[in-house]
Amino acid sequence: MTLLWYSSPHQPFLGYQSSNVLGHKPQLFLRSRTRRAVTAERSSSSSTSGSGRELEDRIREQLVNAELSPSSYDTAWAAMVPAPGSPLASRFPQCVDWILQNQRSDGSWGLGCGEDQASLGKDAVSSTLACVLALRTWGVGEEHVGKGLRFIGYNSSFVTDDKCDTPAGFNVIFPGMLERGIGMGLEIPLAHADVHAILRLRDTELKSMASGSKAAYMAYIAEGLGNLLDWDQAMAYQRKNGSFFDSPATTAAAAIHSYNGRAVDYLDLLITKSGSSSVPAVYPRNVYNQLRMVDTLEKMGISPSFSYEINNILDTTYISWLAKDDEIMLDMATCAMAFRLLRMHGYDVSSDGLSQFSEESSFHDSIQGHLNDTEALLQLYKASQVQILEEELILENIFSWSRKLLRQQQCSNKISTCVDPAEVEHVLKFPSYATLDRLEHRRNIQHFKTGGFQMLKSAFRVSHADEEIVTLATNGFHSSQAVYQQEIEQLNRWVKEVRLPELEFARVLPLPILFSAAATMFPAQLSEARIAWSMSSVLTTIVDDLFDTGESMEELENLVTLFDLWDAHQEAGFYSERVEIVFRAVYDTCKHLVGKAASVQNRSVMDHIAELWVDIVRAMMSEAEWRMSGRVPSVEEYLPIGEVSFAIGPIVPVAAYFVGPELPEDVVRCPEYEEMLSLVNLSGRLLNDLQTYQREKKQGKTNSVLLLADPSYGGSIEAAKKEVKSIIEASRRKLLRLVLREGAAVPRPARQLFWNMSKVLHLFYMDRDGYSSPLTNAINDVLLKPLQVWREEDQLPGREP
């Protein structure tokens with residue numbers, strides 16, 4: 001694949017030099033493999049050590065049983081709900097007991113402790129005041145109340161400390177709780193001026209809200225408003241499960257206000273299901289937690305070890321999606337993440353499921369908008385990029401406004417605490433269709449921060465397997481690098497064996513070529529597929545270079561004849577030594593690869609591979625004839641030839657024979673297979689043309705941009721570029737639709753290679769920045785350079801949301 005690695009006159013390399021959407025509804029009972037099959041797969045892998053299996057087991061337990069840490073704040077509000085017919089007793093005395101048993105030695109409650117205390121100061125004073133109110137409500141724990149009040153007095157500066165992470169609605173809820181405590185006769189150890197200053201926080205906050213879009217947020221922070229809230233209006237936000245926004249605290253406030261029966265039923269169920277005396281900061285949260293962990297495992301490159309559990313989770317999520325379950329549909333981040341993961345795993349999900357978020361106003365009018373929730377925006381932005389149809393206006397709209405708001409947050413330094421600003425920068429810079437898996441894995445591993453927390457009205461932790469995830473991912477990355485380095489040695493030996501260094505016109509760089517294979521087909525066990533991809537890429541480059549530097553038409557015609565004759569090539573003889581070296585390198589290497597592929601495919605694939613080579617040399621010959629004769633083809637002539645001469649033909653199909661499933665003759669010759677190859681070739685050719693039209697104009701070469709800009713077509717350079725970009729986008733969407741389609745003739749692992757190649761091409765033909773310019777660094781990062789992993793002691797304190 002010459003364009004990726006060389007600045008040849010022919011195809012210069014730009015990056016190296018610095019409804020039934022899918023046509024099939026998945027059969028859920030077929031999608032999830034049996035545990036026995038998956039266990040057998042794991043047992044057959046010699047690369048997983050005993051300690052590695054222990055790490056996997058701990059991660060697997062967390063994946064299946066994802067739980068949130070207890071929320072002192074929400075538990076306190078649940079504890080304040082009175083028993084029916086007995087206003088002097090708690091409906092949930094076990095919550096009161098939990099509060100008594102979980103006060104820290106400094107008198108506080110909440111998640112913050114140790115080094116977290118500074119950033120979680122507001123969470124600590126808020127949780128502590130809520131627990132104090134709960135104990136005073138029922139006249140218990142006087143000593144605990146006293147210690148809690150002293151903690152608040154000693155740490156009252158946290159209330160107005162801009163360096164602390166701020167819980168949702170803090171400036172309304174904390175003053176509201178303070179006012180409630182004063183009304184209960186609590187002696188708050190604060191100066192009157194400080195009390196009044198805190199109470200004014202609520203007034204200031206309420207006045208700052210846009211009057212037309214505050215109803216949902218006002219209902220969400222109901223516990224801080226009391227009788228200031230229009231409770232009749234707030235009732236519109238009660239969900240099917242009886243909760244308000246799945247918030248135990250808000251729901252408890254509604255139960256306290258009017259003893260709302262459905263709210264009480266929700267709390268009853270929550271405490272019963274939790275199996276403990278505490279409640280989390282949000283419930284239900286299982287779908288989000290599991291999808292978030294699935295996403296994390298994929299981003300860290302270790303998801304193959306958990307395919308059984310992931311398939312089960314996605315099957316369950318798909319059923320909930322079809323049922324339009326509130327837990328998915330009413331939460332921006334959950335809905336967007338579910339859509340993206342389900343679609344990318346081949347489930348038939350329509351973008352109509354995101355219609356409620358189609359307009360920017362949906363964000364501004366939501367709780368997420370009031371919280372300036374970067375996580376929700378990121379998930380929506382990522383989801384908007386998995387477009388597979390020409391007209392998915394919902395995704396196009398979401399893409400536009402979510403990108404705009406993310407850029408605004410980035411420029412104003414208002415990114416949420418739980419989101420790394422570097423991730424926002426990265427996601428905005430590199431679209432998902434131009435990212436390479438192993439580069440992403442390395443970046444995510446190095447930026448993964450263990451022990452982190454999320455913040456709603458109180459801080460909470462989700463995963464308890466962070467250290468295990470980082471360790472397993474790091475070990476896997478280093479293990480695969482060791483395999484890649486063996487492959488480098490193998491490729492270097494092969495280059496010498498087939499005499500490629502003797503070709504003065506050819507630039508042979510197996511390292512960057514292996515990088516493209518390893519960055520997309522990263523598992524260690526795909527070594528033969530990577531070697532096949534790399535050898536074929538080197539050879540297409542050499543053949544292309546020979547056509548670019550051919551000394552005569554006779555030499556090039558001889559090369560074409562040799563490929564036409566293939567096994568009978570001796571009949572033609574060799575016009576020159578360099579023709580002999582080039583042809584023998586291709587022929588002998590193909591025989592070698594075909595022999596290895598036979599053990600996977602249980603048949604010879606030589607006829608198919610030979611035909612692919614014949615196609616590209618004939619296309620290159622046509623281009624050579626145009627160049628030598630000075631004839632300018634029409635667009636209609638150029639594109640079919642330029643598509644094939646881009647030379648993906650001998651690369652992806654050859655590698656596909658090594659990724660596992662058998663590919664019978666009728667499959668590799670079916671319309672679906674041929675269309676995927678055509679789409680990748682077309683995209684690559686046009687991406688190349690966009691970047692090279694200025695230079696090729698000076699060289700008098702053919703280029704689609706120049707052809708479309710010709711006055712005979714009534715075009716201009718800008719109009720031509722716009723047309724070419726439109727074709728690329730349409731081709732990319734169609735390719736992804738074919739790759740994701742269930743029930744296809746071509747097995748998914750083989751289809752995935754076409755998408756991998758498309759991502760390589762889009763990345764390498766981006767503007768000369770990021771990965772594209774310093775490619776040497778990217779090559780080293782994937783193939784050679786050990787990881788440098790973040791440690792908790794290296795992490796910076798939290799930022800203001």
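Start by selecting Ser307, Tyr308, Glu309, Ile310, Asn311, Ile313, Leu314, Asp315, Thr317, Tyr318, Ser320 and Trp321: these are the buried residues of helix α16. Keep in mind as you click around that you're looking at a predicted model.

Now widen the selection to residues 307-322, which gives you the whole of α16. Put a distance between the first and last C-alpha and you should get 22 Å, close to the 22 Å expected for its 16 residues at 1.5 Å a residue. Turn on the surroundings too: 12 of the 16 residues are buried, so α16 is largely enclosed by the rest of the structure. While the helix is up, remember that an α-helix has 3.6 residues a turn, so residues three or four places apart point the same way.

Step just past the end of α16 and pick Lys324. Its phi is positive, about 55°.

Next, jump back along the chain to residues 82-83 and 86-90. Those are strands β1 and β2, paired in the antiparallel sense over 2 bridges. For one of the contacts, select Pro82 and look across to Ser90, its bridge partner in β2. Together the two strands make a hairpin, with 2 residues between them. Click Gly85 in that turn and you'll find another positive phi, this one about 75°.

Finally, zoom out and colour by secondary structure: the chain has 38 helices and 4 strands. Switch to burial colouring, and 58% of the 801 residues count as buried. With the surface on, you're viewing about 32100 Å² of accessible area, 50% of which belongs to carbon and sulfur atoms.

Definitions and conventions
Residues numbered from 1 in each chain as written. Predicted model: local features only at pLDDT ≥ 70, side-chain atom pairs only at ≥ 80, totals over all residues. Heavy atoms only, no water. Pairing = 2+ DSSP bridges. Expected span 1.5 Å × (residues − 1). Buried < 20%, exposed > 50% of the residue type's maximum accessible area, 1.4 Å probe, protein only. Areas by Shrake-Rupley, 256 points an atom, 1.4 Å probe, with all protein chains shown as cover.
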